[in-house]
Number of protein chains: 4
Amino acid sequence: MEADFPFWTDEKVRISDTDHNGHVNNTATGQYCEAGRGELMLHVAGSRGAGRGFAMAVARVAIDYRREIHWPGRVRVGSRVARIGNSSLTVQQALFWWPPKVPPGSAPGTLFATAESVMVIMDPVTRKSMPMPDVLRERFAALA
Amino acid sequence: MEADFPFWTDEKVRISDTDHNGHVNNTATGQYCEAGRGELMLHVAGSRGAGRGFAMAVARVAIDYRREIHWPGRVRVGSRVARIGNSSLTVQQALFWWPPKVPPGSAPGTLFATAESVMVIMDPVTRKSMPMPDVLRERFAALA
Amino acid sequence: MEADFPFWTDEKVRISDTDHNGHVNNTATGQYCEAGRGELMLHVAGSRGAGRGFAMAVARVAIDYRREIHWPGRVRVGSRVARIGNSSLTVQQALFWWPPKVPPGSAPGTLFATAESVMVIMDPVTRKSMPMPDVLRERFAALA
Amino acid sequence: MEADFPFWTDEKVRISDTDHNGHVNNTATGQYCEAGRGELMLHVAGSRGAGRGFAMAVARVAIDYRREIHWPGRVRVGSRVARIGNSSLTVQQALFWWPPKVPPGSAPGTLFATAESVMVIMDPVTRKSMPMPDVLRERFAALA
């Protein structure tokens, strides 16, 4: 399954990610997903800011929680581009967990969540959706 | 639209809910949704703990982000039970925002997100899914 | 003790505020303190933004944790201005917790933390500290 | 300064750590400090849980904010034991930030915060403070 995701992001479970049920809270998993999307955007489109010519906003995030994970541990988020629309992008992700003494890479991690997010390309000034620039479209296609 | 939701939860935007895009971060909206689910469970099933005879876990959360919201402001989360399965429950939510000087109730709020969550009833000891007790099923049905 | 604080802010414990020790995480208490400082600044100085003529930054936050608190519950943060320096402000806070069925005001809350924060007035463009405007000094003095 | 801290913890700035001021929120820095304390405790005392014979609680955290930091970037938290009391422990920390393309170790980081925390050893059952076991005292002394 790892081979299905061309882009990877490292995260680490924080104590403040856990909740009174003893496991990592579902909204912390949302933060890991966002870390993955953010690094993918940085990789494809460079730093956010006026010079980039467009802004991106999250329109939808759906997360399936498959297993509980705990502190301490490491997380890796695999991301791939699933669909490129006229002014939107769909990103699929798989999230894996490793206990602290097992470096990711040395052993298969625990698949604990999968996610699908839709992002919209916006004009940075009007904040309205705009067609995706061709150069961006090509770079995202390379991460399909 | 407010009339479609029988159960309401009050939240308040925190500065730490915002992010460097100047608006409330998508994962804070996930926290508001969880607040709504948590109060609904408390209302229907009482305090969590061994005496309750079952545990609940989130299996899936899908959030559609419709508008940006900002600090300062108040949030209300409307919740309704959309489907009661053999051992699962689907909750739909609508989230509204009000600026600080406009008390919720005095004017319509801004609908900024909708969400659908699936929760699973588990045996508190084995942590495996179990059929929903009838008494719970009836109480959830009253919030449909 | 409540009488010692002229300015009050309401918060509410979120499930995501708790951690695997079963109680509210120490960094969530930091978020409640920030909510109190933010509303105090809004009250005294109006909305943040270029038109305000100055920016404020947190230079130091010290929190003493006195008791564990839990979800569900409500929090009130009392704030007072303890010292007004040339370009800084010291705010002292006391944080109280109430269980969900006991509205704050109907019974004394549980004092669970006290805090002292130092904030610095900065030029909004140069981001260097600047002397506090007299009008601000007078308004802060009213919250001593 | 790095040489003054015998114990190091790696963290990474998340988008959700930032706030509407464009920088990392002060309470996220509190989460990095907690990550450092948590790993130090794990290193000295092993996994939390009943078998450990004691529990630890945070009694006080004071953080001095020296510089703004931003996403994206990496954080390292240096920790040292500053004082060992009868039933308490004082930990001092220094927090450094590196931009994403500069691996920590290849260049000096930006010192952005320092912190001092007091932790209390408690009986895991009564939740009252208890004298620090000698074996723990010796291990903490090695991190002075």
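User: How many residues does the contact take from chain D and from chain C?
Analyst: The contact takes 13 residues from chain D and 13 residues from chain C. Two residues are in contact if their C-beta atoms, placed from the backbone, lie within 7 Å. This is a predicted model, in which local features need pLDDT of at least 70, side-chain atom pairs count only at pLDDT 80 or more, and totals for chains, interfaces and linings use all residues. Residues are numbered from 1 along each chain as its sequence is written, while chains are lettered from A and ligands numbered from 1 in the order in which they are written.

User: Which elements of chain D give two or more residues to the side that touches chain C?
Analyst: They are α1 (26-45) and β2 (55-65) of chain D. The largest share, eight residues, comes from β2(D). Helices (H or I, at least four residues) and strands (E, at least two) are DSSP runs, numbered from the N terminus.

User: How do the residues on that side of chain D divide into nonpolar, polar and charged?
Analyst: On the side of chain D that touches chain C, six residues are nonpolar, four are polar and three are charged. Here Ala, Val, Leu, Ile, Met, Phe, Trp, Tyr, Cys and Pro count as nonpolar, Asp, Glu, Lys and Arg as charged, and the others, Gly among them, as polar.

User: What rotation superposes chain D on chain C?
Analyst: A rotation of 180°, with 0.0 Å of shift along its axis, superposes chain D on chain C with an RMSD of 0.0 Å. Copies are superposed by least squares on the C-alpha atoms of residues with pLDDT of at least 70 in both.

User: Which residue of chain D comes closest to the rotation axis?
Analyst: That residue is D:Ala62, whose C-alpha comes to 1.9 Å from the axis. As for the surfaces involved, 100% of the interface residues of chain D are also interface residues in chain C, so the copies meet through the same surface.

User: And chains C and B: what turn lays one on the other?
Analyst: A turn of 180° and a shift of 0.0 Å along the axis lay chain C on chain B, with an RMSD of 0.0 Å. These two copies are thus related as by a two-fold rotation axis. The same surface serves both, as 100% of the contact residues of chain C recur in chain B.

User: Back to chains C and D. In which sense do their β2 strands pair?
Analyst: Strand β2 (residues 55-65) of chain C and β2(D) pair in the antiparallel sense over five bridges. Two strands pair if DSSP finds at least two bridges between them. The bridge partner of C:Ile63 in β2(D) is D:Val61.

User: What is the strand order of the sheet that holds them?
Analyst: The order is β1(C)-β3(C)-β4(C)-β5(C)-β2(C)-β2(D)-β5(D)-β4(D)-β3(D)-β1(D), an open sheet of 10 strands with antiparallel pairing. Its edge strands are β1 (7-12) of chain C and β1 (7-12) of chain D, each of which pairs on one side only.

User: Now chain A. What does its strand β2 pair with?
Analyst: Within the chain, 10 bridges join β2 (residues 55-65) of chain A to β5 (residues 110-122) of chain A, and the two run antiparallel. In that pair, A:Ala62 stands opposite A:Glu116. Across to chain B, β2(A) pairs with β2 (residues 55-65) of chain B over five bridges in the antiparallel sense. There, B:Val61 is the bridge partner of A:Ile63.

User: Which strand does β5(A) meet over 10 bridges besides β2(A)?
Analyst: Strand β4 (residues 88-98) of chain A is joined to β5(A) by 10 bridges, and they run antiparallel. One of the residues involved is A:Leu95, whose bridge partner in β5(A) is A:Ala113.
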